[in-house]
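Let's take a walk through this model together, starting with how its helices pack and then turning to its charged side chains. Keep the 3D view open as you read.

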Amino acid sequence: MDKIGLKEKLFNSNTTQKILAFSSLILLLIIFSIASPNFFTGTNIKGILLATAVNGVLAVGVTFVIITGGIDLSIGTVMTFSSVIAGVIISMWGLPIWLGLLGAILAGSLCGFINGFNVAKFRIPAFIATLGMMMITKGLSLVISNAKPIYFTGAKGVFIDKFSDISTGTILGIPNAVIILFVVAGIGGILLNKTLLGRYTFAIGSNEEATRLSGINTDKWLIIIHTLTGAFCGVAGILMAARLNSAHPALGQGYELDAIAAVVIGGTSLSGGKGTILGTIIGAFIMSVLINGLRILSVPQEWQTVVTGIIVIVAVVADVARKNKK
């Protein structure tokens, strides 16, 4: 029985998907290292890690929504909106950095709460609800900032010398943004695998109506899940703003596609009920390595987008094939 159990654990679909994703990541690293001597350099690897931090945090957040069988198209612009709120609090109002960080996370959480309320209470399809939020937060970011970047130059905190240290500072040579990514991933993994939130996330994604009939308040949990996703967007907004040392109101749209692609590549099913945070993190690194490698090889931006779209379609087709086979 032990041997059978071990075999099932090693060769189930989740484990197989993560092994395939990790193997793809290693293969991409090898290919781009051979194709360009500029790829595997300290500076470029650091750039990949910093890029993955933002996309990875967004991807961890949207993993919860996708496991429920939903989607969130607003995560990119909510991230930008959160960074603008931080800029207003810190740079325009001159308040302490920690209040700006709190404001960014609360702003993201509020947007997520509204998304969840619209989906759960008004029964608006997640695609439409979050598309509307994407447009609202994009417009608000431009209005609040007067369509101009908000710079954090001169902002100081109790524990950091300057705002940019949140992302670009290092501990033992590791960028702070990367450390924050793995902390966020750890928190996400615990929430998904060790708490009622995670249990109900999978249950709603597997069969929402059955979960509702079993006595679970699915509306409440959907609102909580979307709010959590918004909070992660707030963290991503902080990392992005700190990396650039400014809040750019025009940035954000398009990040949702990379994050969703990372989640799908990592093995989370778009039909819900299945997914892991580890797979999402691997998917985020695959996306960053792929985009960075294509840029190193001077592939035009439009073709980078084409390649990303093809990869997403292949990942979804693979997920459908796995489900049909099962």
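Is the crossing of helix 4 and helix 6 left-handed or right-handed? Bear in mind as you look that this is a predicted model. The answer is that helix 4 and helix 6 make a left-handed crossing. To find the pair, look for residues 75-92, which form helix 4, and residues 126-144, which form helix 6; their axes come within 8 Å and cross at roughly 25°. Angles under 35 degrees count as roughly parallel, so helix 4 is described as roughly parallel to helix 6. On the helix 4 side, the contact is made by Thr-77, Val-78, Thr-80, Phe-81, Val-84, Ile-85, Val-88 and Met-92. Helix 6 answers with Met-133, Met-134, Thr-137, Lys-138, Leu-140, Ser-141 and Ile-144. Sorted by class, the contact between helix 4 and helix 6 has 10 nonpolar, four polar and one charged residues.

Stay with helix 4 for a moment, and turn to its contact with helix 5. The axes of helix 4 and helix 5 come within 8 Å and cross at roughly 150°. Here the crossing is right-handed. Helix 4 brings Val-78, Phe-81, Ser-82, Ile-85, Ala-86, Ile-89 and Ile-90 to this contact. From helix 5 come Ile-97, Leu-99, Gly-100, Gly-103, Ala-104, Ala-107, Gly-108 and Cys-111. By class, the contact of helix 4 with helix 5 has 11 nonpolar, four polar and no charged residues. You may recognise some names: Val-78, Phe-81 and Ile-85 of helix 4 are listed in the contact with helix 6 and in the contact with helix 5.

Now follow helix 5 to another partner. Helix 5 covers residues 97-120 and helix 10 covers residues 218-244; the two pack at an angle of about 150°, with their axes 6 Å apart. Helix 5 passes helix 10 in a right-handed crossing. Among the helix 5 residues in this contact are Ala-104, Gly-108, Gly-112, Phe-113, Gly-116 and Phe-117. Helix 10 contributes residues including Asp-219, Leu-222, Ile-223, His-226, Gly-230, Gly-234 and Ile-238. In terms of class, this contact of helix 5 with helix 10 has 12 nonpolar, nine polar and one charged residues. Ala-104 and Gly-108 of helix 5 take part in the contact with helix 10 and are also named in the contact with helix 4.

One more residue of helix 5 deserves a stop. Leu-102 has its place in helix 5. With a relative accessible area of 39%, Leu-102 is partly exposed. Between the C-alpha atoms of Leu-102 and Leu-140 there are 19 Å, while the two residues are 38 apart along the chain.

Next come the charged side chains. How many salt bridges does a search of the whole structure find? The search finds six. Arg-123 is a good place to begin, and at 45% relative accessibility it counts as partly exposed. Arg-123 forms a salt bridge with Asp-219, with the closest N and O atoms 3.0 Å apart. Because Arg-123 lies in the loop between helix 5 and helix 6 and Asp-219 in helix 10, this pair ties together parts that are 96 residues apart in sequence. Asp-219 is buried, with a relative accessible area of 11%.

Arg-123 also forms a salt bridge with Glu-208, where the closest N and O atoms are 3.8 Å apart. Glu-208 sits in helix 9, residues 196-213, so this pair joins parts that are 85 residues apart in sequence. At 27% relative accessibility, Glu-208 counts as partly exposed.

A third salt bridge links Arg-212 with Glu-209, the closest N and O atoms being 3.8 Å apart. These two are three residues apart in helix 9, so about one helical turn separates them. Arg-212 is partly exposed at 27% relative accessibility, and Glu-209 is partly exposed at 44%. Lys-121, Arg-123, Glu-208, Glu-209, Arg-212 and Asp-219 are linked in a network of salt bridges.

Finish the walk at Thr-218, which lies in helix 10. Thr-218 is buried, with a relative accessible area of 0%. Leaving aside neighbours within four places in sequence, Thr-218 is in contact with Ile-204, Glu-208, Thr-211 and Arg-212. Two of those names, Glu-208 and Arg-212, belong to the salt-bridge network.

Key. Residues are numbered from 1 along each chain as its sequence is written. This is a predicted model: local features need pLDDT of at least 70, side-chain atom pairs count only at pLDDT 80 or more; totals for chains, interfaces and linings use all residues. Side-chain values use heavy atoms; hydrogens and water are left out. Axes are lines fitted to C-alpha atoms, for helices over the stretch in contact, and angles run from 0 to 180 degrees between N-to-C directions. Helices (H or I, at least four residues) and strands (E, at least two) are DSSP runs, numbered from the N terminus. A crossing is left-handed if the near helix is turned anticlockwise from the far one by less than a right angle, and right-handed if clockwise. Contact means heavy atoms within 4.5 Å. Ala, Val, Leu, Ile, Met, Phe, Trp, Tyr, Cys and Pro count as nonpolar, Asp, Glu, Lys and Arg as charged, and the others, Gly among them, as polar. Angles under 35 degrees count as roughly parallel, over 145 as roughly antiparallel, 65 to 115 as roughly perpendicular and the rest as oblique. Buried means under 20% relative accessible area, exposed over 50%, partly exposed in between (1.4 Å probe, protein chains only). A salt bridge is a side-chain nitrogen of Lys or Arg within 4 Å of a carboxyl oxygen of Asp or Glu.
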